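Q: Please take a close look at one part of this structure, the surroundings of the ligand, and then turn to the cysteines and what lies around them. I am a first-year student, so a connected explanation would help.

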Amino acid sequence: MHHYEAEVRAAAERWRALGRPAPRVALVAGSGLSVDLGAPVAGPEPLAGWLPFPVRAVAGHGHELELLEPGPGLTALYFRGRLHAYQGYSASEVVFPVRLAAALGVRTLVMTNAAGGVRPEWPAGTLAAVSDQINLTGLSPLCGEPPESWGPRFPDMLDAHSAELRALAHEHAERLGHPLVEGVYAGLLGPAYETAAEVRMLRAMGADLVGMSTVLEIIAARHRGLRCLVLSLVANPGAGVTPQPLTHDEVLEAGRAAAGRVRALLAALLADPRLHES
Ligand code: HPA
């Protein structure tokens, strides 16, 4: 697999040549969760301008890049919209933004996604901090020979979803009065939603949330040694949890309905200097 090593380096050099600061935090927002986080100090600009391959759009998923200044002396790279393997991107392409962030000096990755709720007691609108993940995509961004300088051949995946950052998320959620649960995210390739039998399998496996993103980016981020925090919005009960069929519109609508809560929690986290220290 092609890892875009030279392209990652070239994009990072171009960023620095523009005189832009080196952010310590990157935020990647998922489906319908691309909330406004204040006026950017650079951008918004098309993500396509930073990618060495063409962007393929999905309804409801824009692709823009912003540099935020969430507090005095704090900067964060904000990817509004992500790339999914089901769109036809290779695993290396899916994680290009994460590898670019790492090359710019980012040490902490925050991501949001929309997910199906595997637990029957979690209605649409439930917000969860992801405690761990199960990669069921059959893919890895580390296949082939990624550059040795990027990380170990066999990276450890304990604490892939940082306990320290989850504690920070709970602290802010509590202060805001927003309930935040915690659960295991199963990442599947998609783009078909799961069958009811697959959701029963996921529940038996120990998954609480199911989605079509995130797990590859977390593998790439851990390979580069980044700390990771993932916030999942339960957009719908998983297939078969209720008799309703699943639709993409329902997922986007759940994102719109939760945007205020997601924005408040992200803004609080980004403004916290502890997120930027690592
Ligand atoms: N399954 C997979 N991905 C999803 C779902 C789901 O039910 N909802 C939002 N993304």
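**The ligand shell and the cysteines**

A: This is a predicted model, and the description below should be read with that in mind. We can begin with the residues around the ligand, which are A114, A115, G116, Y193, E194, V210, G211, M212, N236, L246 and V251. Sorted by character, the residues of this shell divide into seven nonpolar, three polar and one charged.

Three residues of the shell place polar atoms by nitrogen atoms of the ligand. In the side chain of E194, an N or O atom is 2.7 Å from a nitrogen atom of the ligand, and a polar side-chain atom of N236 likewise lies 2.7 Å from a ligand nitrogen. For G116 the partner belongs to the backbone, where a polar atom is 3.4 Å from a nitrogen atom of the ligand. On its own the ligand has 260 Å² of accessible area, and the protein covers 95% of it. Two elements, β5 (108-117) and β8 (209-211), each give two or more residues to the shell, and β5 gives the most, with three residues.

What, then, of the cysteines? A disulfide is a covalent bond between the sulfur atoms of two cysteines, and to be counted here the two sulfur atoms must lie within 2.5 Å of each other. By this rule the count comes to zero disulfides, because the sulfur of C143 is 19 Å from the closest cysteine sulfur, that of C228, which is too far for a bond. Starting from C228 leads to the matching result, since its closest cysteine sulfur is the one in C143, again 19 Å away and too far for a bond. As for their surroundings, C143 is partly exposed, with a relative accessible area of 44%, while C228 is buried, with a relative accessible area of 1%.

C143 also leads us to H3, a residue in the segment before α1 (5-17). The backbone oxygen of C143 lies 2.9 Å from a polar atom of the H3 side chain, and the side chain of H3 also makes a polar contact, at 3.2 Å, with the side chain of S92. Is H3 buried or exposed? H3 counts as buried, because its relative accessibility is 6% and the cut-off for buried is under 20%. Leaving aside residues up to four places away in sequence, H3 touches S92, R99, P141, L142, C143, G144, E145, P146, P147 and W150, a list that includes both of the polar partners just described, S92 and C143.

Technical notes:
Residues numbered from 1 in each chain as written. Predicted model: local features only at pLDDT ≥ 70, side-chain atom pairs only at ≥ 80, totals over all residues. Heavy atoms only, no water. Buried < 20%, exposed > 50% of the residue type's maximum accessible area, 1.4 Å probe, protein only. Near = heavy atom within 4 Å. Polar contact = N/O pair within 3.5 Å; in protein donor to acceptor, adjacent residues only side chain to side chain. Areas by Shrake-Rupley, 256 points an atom, 1.4 Å probe, with all protein chains shown as cover. Helix = DSSP H or I, 4+ residues; strand = E, 2+ residues; numbered from the N terminus. Nonpolar A, V, L, I, M, F, W, Y, C, P; charged D, E, K, R; others polar. Contact = heavy atoms within 4.5 Å.
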